[in-house]
Amino acid sequence: IDWAKAIAISFVVFGHIPQEPGSFPQSYIVIFHMPFFFFISGYLTKKEYPNKETFKKYWYTLIIPYLCYNLVFYPYWFARQMIENPQTTYFDLFKPLLGTLLLQHETSISVSLNGVTWFIAILLEYKIILILCNKCKKGIYIIATLMFGSAVLYIVNEFYLYTKDLPPIGFMRCLPFFFMGYYCRQNDIIRTIPSKKDWYFSIIFICLSIIVYFIPMNIDCMIVYAIRFWLISTMAIAGLFSLSKLLDKVRFTAITTISIGTIVIMGLHYMLIGTTNYVLEELFCMQEKIEYPWYIACFIVIAFETLLYPIILIFKKRFPFMLGKKDNKTHNKQVKQ
């Protein structure tokens with residue numbers, strides 16, 4: 001799981017770095033990087049029911065970090081807004097705060113603040129749906145219906161663009177993968193102990209997903225687009241999960257720390273990307289937005305994670321709530337588990 005989370009968050013950062021048009025690594029990775037992250041989140045979710053302790057847990061693990069990383073992001077947003085739009089009104093400055101309370105939804109009276117934190121908000125929604133369905137006798141059928149419905153709605157929206165608002169698109173896109181991960185863990189479908197088969201699975205599934213990506217297809221056809229998306233995503237996730245099991249034999253403290261601090265990287269990396277790009281564009285008087293070659297983007301990912309590494313350690317020791325932990329005692333207990 002440590003390796004899977006580290007790979008997933010690195011893909012997320014990589015996917016958000018502006019790159020040259022037609023970059024295969026970015027175009028390929030952004031197809032499945034968020035589904036992969038939600039699959040892991042589902043896999044790590046325990047069977048819970050609606051009660052005081054469950055909601056208290058969600059308050060510490062999701063709601064507080066969500067609010068904190070948006071609060072930290074606001075000064076950056078404010079500075080960029082005042083530089084790029086000097087005519088900003090007081091109401092404009094209030095919009096992102098309202099957008100945070102509306103879970104990053106873009107409306108006439110709100111704008112997204114730290115947009116990448118939609119992941120935390122949607123994860124909370126999934127978990128609430130799950131605990132409510134766990135209480136129902138036919139909850140499994142409700143979840144199956146939601147999985148099928150969200151999968152269809154996502155593909156339909158990709159063609160007709162009923163909404164361009166990221167939270168509902170992310171909700172529809174990733175819900176099936178979250179519940180797939182959850183039921184894989186609950187039913188022991190995925191073995192946690194690595195075997196020789198994982199070598200074959202990792203190579204075959206990852207290669208097949210790349211082959212499907214390059215196969216000429218009429219992606220203007222809705223059904224073909226859906227098949228392509230699901231084949232690439234499911235095969236890439238299966239291959240990366242098998243690869244992560246193999247890598248588990250290689251123990252690195254850095255990987256464990258990154259795994260613990262994925263929410264830190266998720267919450268702060270977009271600010272680092274924006275600041276870096278702005279400084280470079282101003283320094284070199286660039287008229288157009290900066291775009292990096294994919295191999296430079298790889299180095300930027302490593303640089304950002306290195307920069308955030310000591311912050312994760314500080315949060316782990318002094319501010320565990322920034323890691324989604326109630327206190328250090330709870331955090332250490334979960335790490336041991």
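**Salt bridges, packing and surface of an all-helical model**

The side chains of K95 and D92 pair in a salt bridge, with 3.9 Å from N to O. This contact belongs to a predicted model. Both residues sit in helix α4 (residues 90–101). They are three residues apart, about one turn of the helix. Their exposure classes are not alike: K95 counts as buried because its relative accessibility is 18%, whereas D92 counts as partly exposed because its value is 23%. The cut-off for burial is under 20% relative accessible area.

The structure holds five salt bridges in total. Side chains of opposite charge can pair when their charged atoms come close. One of the five joins D198 to K245, and the closest N and O atoms of this pair are 3.2 Å apart. D198 lies in helix α8 and K245 in helix α9 (residues 222–247), so the bridge ties together parts that are 47 residues apart in sequence. D198 and K245 are both buried. Another bridge links the side chains of D248 and R251, at 3.4 Å from N to O. D248 is partly exposed, because its relative accessible area is 29%. R251 counts as exposed, because its relative accessibility is 61%.

The fold is built from helices. The chain has 13 helices and zero strands. Its radius of gyration is 20 Å, close to the 20 Å that the globule rule gives for 337 residues, so the chain is as compact as a globular protein of that length. The C-alpha trace spans about 55 × 50 × 40 Å along its principal axes. Of the 337 residues, 48% count as buried. Among contacts between residues at least 6 apart in sequence, 77% join residues at least 24 apart.

Confidence was examined next. The mean pLDDT of the chain is 92. A value of 70 or more is reached by 97% of the residues. Helix α12 (residues 294–318) has the highest confidence, at a mean of 96. Helix α13 (residues 328–336) has the lowest, at a mean of 50.

Two buried residues illustrate the packing. I169 lies in helix α7 (residues 166–186). I169 is buried, because its relative accessible area is 14%. Leaving aside residues up to four places away in sequence, I169 touches Y154, N157, E158, T163 and K164. One of these partners, N157, is twelve residues from I169 along the chain, and the C-alpha atoms of the two are separated by 7.9 Å. N277 is found in helix α11 (residues 262–283). N277 counts as buried, because its relative accessibility is 11%. Its contacts, again not counting residues up to four places away in sequence, are P18, I290 and Y292.

The surface was also characterised. The accessible surface of the chain comes to about 18,100 Å². Carbon and sulfur atoms account for 68% of that area. A nonpolar surface patch of about 850 Å² is made by W199, Y200, F201, I204, L208, I211, I215, M217 and I219. L208, one of the patch residues, is placed in helix α8 (residues 196–214). L208 counts as partly exposed, because its relative accessibility is 35%. Patch residues need over 30% relative accessible area. Helix α8 also carries D198, the partner of K245 in helix α9.

Key. Residues numbered from 1 in each chain as written. Predicted model: local features only at pLDDT ≥ 70, side-chain atom pairs only at ≥ 80, totals over all residues. Heavy atoms only, no water. Patch = residues over 30% accessible without salt bridge, like charges linked within 9 Å, V, L, I, M, F, W, Y side chains within 5 Å. Areas by Shrake-Rupley, 256 points an atom, 1.4 Å probe, with all protein chains shown as cover. Salt bridge = Lys/Arg side-chain N within 4 Å of Asp/Glu carboxyl O. Helix = DSSP H or I, 4+ residues; strand = E, 2+ residues; numbered from the N terminus. Buried < 20%, exposed > 50% of the residue type's maximum accessible area, 1.4 Å probe, protein only. Rg over C-alpha atoms; globule rule 2.2 N^0.38 Å. Contact = heavy atoms within 4.5 Å. pLDDT = per-residue confidence, 0-100.
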